[in-house]
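Biologist: I am new to this model and would like to walk through it with you. Could you explain the terms as we go?

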Protein chains: 2
Amino acid sequence: MLELRHLRTLTALHETGSVSRAAKRVHLTQSALSHQIKALQSHYGLPVIQRRGQSIELTEAGKHLVALAGKVLEEIRETERDLAKISQQASGSLRIVLECHTCFDWLMPLMDEFRQHWPDVELDLVSGFHADPVKLLEEGGADIVIGSEHKRQRGIVHHPLFRFEILAVLAPEHPLRGKRILHASDFADVTLITYPVPEDRIDLILNVLKPAGIQPQRRTAELTVAILQLVASRRGVAALPSWGLKNYVDHDYVIARRIGANGLWSDLYASTLKETASRPYLRDFLTTARNTCFATLDGIIPLA
Amino acid sequence: MLELRHLRTLTALHETGSVSRAAKRVHLTQSALSHQIKALQSHYGLPVIQRRGQSIELTEAGKHLVALAGKVLEEIRETERDLAKISQQASGSLRIVLECHTCFDWLMPLMDEFRQHWPDVELDLVSGFHADPVKLLEEGGADIVIGSEHKRQRGIVHHPLFRFEILAVLAPEHPLRGKRILHASDFADVTLITYPVPEDRIDLILNVLKPAGIQPQRRTAELTVAILQLVASRRGVAALPSWGLKNYVDHDYVIARRIGANGLWSDLYASTLKETASRPYLRDFLTTARNTCFATLDGIIPLA
DNA sequence: TATGGTTATGAACCCAATTCATAATTTCTT
DNA sequence: AAGAAATTATGAATTGGGTTCATAACCATA
């Protein structure tokens, strides 16, 4: 009766706190999850979730099942790693090109974990700027590109990671602090603080400012903390993924504002060659990435 | 891809050492298991079983998966016990009537385990002889009857346990030692050593000797070891389940012979009231019983 | 070489999980 | 308070994957 799919659903419910969000997380319909939950409850004669206003909460029974899920799913992945070792598919290289600078935040701990699990995989970050990172895959200079590119291309697989919102970051006393939502025009007279990458790699410029014919001043910094430091000391404003901001916003170090009525969103993909896509360690890397991101990053949305 | 059903199949393969026997064990066709195995192998790019002449053996990969199965399936049962506690279905009584005396062998350790898992269930053996044990269920004097009865009866559920062979047990120097198979006529002049129960509860008499019009002398003993002791000291022959004999036969304490060309087989069921059948602890008792029996008892066959 | 038993394979089938369509419910907004 | 928006529940329809069926291949033993 209980199946692994139920356990996956339960963890998704736990992580997202909502049936429909959990459904996206496991790539099923909200209806499917509703049926699953109903089946579980009637089987055990116990509710597993409980409405708590906006979001849902797991009951005691639900928590037991989530704890089980954690153990079981991890154990399965462990043995699958063992199997990969046995079939000698546990070695190779995973050279990562990172287009999204902020992603260092979650990639670093992920890489640490990965190194422990796959000691025989040569794990590297490919440094430097690359005009056409996907070409790097084809040329054999890298094994995976993490970025927003996802146009169909033969021989290449774009593994969807997640969608996230990019927020404008301001100093708490910034003149624009009063507006709940910022529009292109608001950026006319500000200095934009970005990572040192070309304009066409910056979503705010590409999708918002350029279409509106606005070209703000730019200043660059390598590290996210440096950017935030500059913002806080009123040298300009930045546009950063929402997830990395929570701590700084909570401590009133900076404030964050939505860009445009619907917000500015960006999709993240992990692209590989078709042939590397099937390697066990690559698959494990991807699921670990998704797991840790969805578990630790606030406000991200699963991608089809 | 990997599902709990695969894990169950793997353990069955491990326990039975044969695809078709494992199929019976998990109540599927041999074909279904064959497909499952094929799917597993092609998914992991590894064989999980290996032919070893008559029987099969698990490969290293298979052993990893079996180890996983042990952990995972046990953890699931653990949390299901927790859920039963939460839903307050973890208390009640389990008074067992045992028609098959030899079954004490496996029932005792089983009861010990059960007591640890379900401390709030009142566990008891209903002692004494009962002419109609199923009636005892209806009268509320017992909760489960372990025996061979399985005729349809409304309000009663007969949970199949397993089929086992009853072998004739002789002293090593017994005159009949030369025959590989014993027939009804061979029992004409022997003393039959049995448990102290009526004739119609003894399969050998009921199904073999009575139809042939043979009525051997009888002598009774309470305990299996006592019966074996009497057999070894040439006071007569006995008919006992094959599984309990292995140790004694291996040590040349007694010898065992098939009864009739196809052997004498008996089916074991656990009968309960319909209403008690759904209780979590009862279900757990049954699966534990089957698990331990199939894991520890040689030569038993699953029952539809 | 036959024979009984076990396993493999492809096609057909069937059920159960999912989706679809929609209703019911809740929450947010004005 | 009422209407709009979002979320969840439910029943019917669909579909896809796992199982069975039928049969072939294979393997040991006589």
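Modeller: Gladly! This is a predicted model, in which local features need pLDDT of at least 70 and side-chain atom pairs count only at pLDDT 80 or more, while totals for chains, interfaces and linings use all residues. Residues are numbered from 1 along each chain as its sequence is written, chains are lettered from A and ligands numbered from 1 in the order in which they are written, and side-chain values use heavy atoms, with hydrogens and water left out.

Biologist: What makes a residue one of the 16 that surround DNA strand D?

Modeller: A residue is near a strand if one of its heavy atoms lies within 4 Å of it. For DNA strand D, 16 residues do so, and the closest include S20(A), Q30(A) and S31(B). Of the strand D atoms that come within 4 Å of the protein, sugar and phosphate make up 50%.

Biologist: Why is the pair of S31(B) and a base nitrogen of DNA strand D called a polar contact?

Modeller: A polar contact is a pair of N or O atoms within 3.5 Å; within protein, one must be able to donate a hydrogen and the other to accept it, and residues adjacent in sequence count only if both atoms are side-chain atoms. A polar side-chain atom of S31(B) is 2.5 Å from that base nitrogen, so the pair qualifies. H35(A) has a side-chain N or O atom 3.1 Å from a base oxygen of the strand, and S34(A) has one 3.1 Å from a phosphate oxygen.

Biologist: Which helix gives the largest share of the surface near DNA strand D?

Modeller: That is helix 3 of chain A, with 5 residues. Helices here are DSSP runs (H or I, at least four residues), strands are E runs of at least two, and both are numbered from the N terminus.

Biologist: And what surrounds DNA strand C?

Modeller: There are 19 residues around DNA strand C, and T29(A), Q54(A) and S20(B) are among those that come nearest. Helix 3 of chain B gives the most to this surface, with 5 residues. A polar side-chain atom of Q30(B) lies 2.8 Å from a base nitrogen of strand C, while Q36(A) has a side-chain N or O atom 3.1 Å from a phosphate oxygen.

Biologist: How do you know that chain B and chain A are in contact?

Modeller: Contact means heavy atoms within 4.5 Å, and 24 residues of chain B meet that rule with 25 residues of chain A. The buried area, which is the accessible area (1.4 Å probe) that two parts lose on being put together, summed over both, is about 2,300 Å² here. Carbon and sulfur atoms give 66% of that area. In chain B, E75(B), L83(B) and I86(B) lose the most area to chain A, together 23% of what that side buries.

Biologist: How many salt bridges are counted between chain B and chain A?

Modeller: The count is 0. A salt bridge needs a side-chain nitrogen of Lys or Arg within 4 Å of a carboxyl oxygen of Asp or Glu. The polar-contact rule does find 2 residue pairs across this interface, both at pLDDT 80 or more. Helix 4 of chain B gives the most to the side that touches chain A, with 14 residues.

Biologist: Finally, where is H130(A)?

Modeller: H130(A) is in the loop between strand 4 (121-125) and helix 6 (133-139) of chain A. A polar atom of its side chain lies 3.1 Å from the backbone oxygen of S127(A).
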